[in-house]
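Got your viewer open? Let's take a walk through this protein, one selection at a time.

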Amino acid sequence: MNDMTMPTPAAAGPYRPSLAISSRDWLMIIAAFVLSRAALYGMGYFGVQLYGAPGIGPLQAYCQFDCVWFQRIIENGYDLYPRWLSKGNAANWAFMPLYPMISGALSSLLNIESLIGLMLVANIAFFISLPLMLLVLRQLKLGDDTARFGVWLLAFSPFSAYFVSGYTEPMFMALMLGMFLFAYREQWLMVAFLGVFISGTRNLGVMMVFPVLILALQAYGWREFFRFTERAFKVVFTLWLIPFGLFAYMVYLYHLTGDALAFKHIQVAWGRYMDSPLDWWLSGFELGGRKAYLSIMVIFGWCLNGYLFSQKRWAEATLMFICCTIPLMTGLNAMPRYMFGLYPTLLAIILLTHRWPAIRPAILCISGMVASFIAVAFVNFKFFTV
């Protein structure tokens, strides 16, 4: 089923193991969540106390960069015209609406500050992603030990700072894991339902149409779609529905600004413009410093992506390639968090440890150390972490 070159109709039906999670595994999930939150918020708090501005709490410390933009959306709505940053040429149109909408609704319901609402939604979404990771890896028949390792790797992934801050990464990860889980199980209507939300969370969410299509072709073959069967219809319906969240936002932007692609065009305010991804990558080595670090991380991502292709994980590898290449076409900034905010990136590491289980402790140790370093740098507004 993983080899795209040999699509065979599943006469016996798709593999659908039970979605039940044992009490032992729930305890592990809760422990991974609580320990990762305690470690990351603790590192952030002491990091800002020692190297930043004393008196700032852990939630405020983690509200950097994009988080501030989401707060403005909750409190003031979307801008009518650009008016932010030093040149006054930036607007919050670049930030998709679902995360601030849910956070704002929760803030109003509980009568709490917008920042607390953002953090609550982010942490709830991340908690949901942990059992989803366990179920996804079990669905792939990788075994309980590998599935449990995947939970811990997600909890302490190198860029976990973005899973405890006011960013879309936790929602994006949870929705992506859910979509892959139900796509593996060929439950297309659930994939469609989650797809509407993922494209309203991040614009790259629309790219989920490609892995969904690949998985459907692996399951049924090309001929199924020429026969217009019920299964083919469900897949096509799903593919049409996934972009709905983004399209709805585009309609809103058109009525607000007159430009349905304002979310894309406003990126120029952050110095992002379209160019060859190879040119951007090479420019990092030419400029040196943090740009060289970003270019090195791109190489690391390419290696993991190549490994996924070598393992014939066509759907996951294709998504990773697209979701890393499109941002790289507009610049090097944020490339590491884009990579580690993707399920396929973590899957590549998990597959490596499944082949060589002895390296799991070292992987978790290195990942945790990097997560701590990035967390301290992030709360102190170090731009290389963006």
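Start by selecting Asn123: with a relative accessibility of 12%, it counts as buried (buried means under 20% relative accessible area, exposed over 50%, partly exposed in between, with a 1.4 Å probe and protein chains only). You'll find Asn123 in helix H5, residues 114-139. Helices are DSSP runs of H or I with at least four residues, numbered from the N terminus. Now show what touches Asn123: leaving aside neighbours within four places in sequence, its contacts are Phe33, Arg37, Tyr41 and Phe163 (contact means heavy atoms within 4.5 Å).

A quick word on what you're looking at. This is a predicted model, where local features need pLDDT of at least 70 and side-chain atom pairs count only at pLDDT 80 or more, while totals for chains, interfaces and linings use all residues. Residues are numbered from 1 along each chain as its sequence is written, and side-chain values use heavy atoms, with hydrogens and water left out. The protein's mean pLDDT is 94, and 97% of its residues reach 70 or more; pLDDT is the predictor's confidence in each residue, from 0 to 100. Color by it and check residues 1-10, where pLDDT stays under 50.

Next, pick Phe159, in the loop between helix H6 (144-155) and helix H7 (169-184). Is Phe159 buried or exposed? Buried, with a relative accessible area of 4%. Add Phe340 to your selection: Phe159 and Phe340 are 181 residues apart in sequence, yet 6.5 Å apart in space, C-alpha to C-alpha. Beyond four places in sequence, the contacts of Phe159 also include Tyr293, Met297 and Ile374.

Time for some rings. The structure holds 35 aromatic pairs (rings of Phe, Tyr and Trp, using its six-membered ring, with centres within 6.5 Å; planes under 30 degrees apart count as stacked, over 60 as edge-to-face and the rest as tilted). Try Trp152 and Phe156: their ring centres are 6.3 Å apart and their planes sit at 10°, so this pair is stacked. Trp152 itself is partly exposed, at 24%.

Last stop: helix H14, residues 277-287, where Trp280, Trp281, Ser283 and Gly284 are buried. Look down the axis of H14: its buried residues fall within an arc of 155°, so they line one face of the helix (the arc is that of the directions from the helix axis to the C-beta atoms). Switch on helix H15 (290-310) and helix H16 (314-328), which are among what covers those buried residues.

Conventions: Helices (H or I, at least four residues) and strands (E, at least two) are DSSP runs, numbered from the N terminus.
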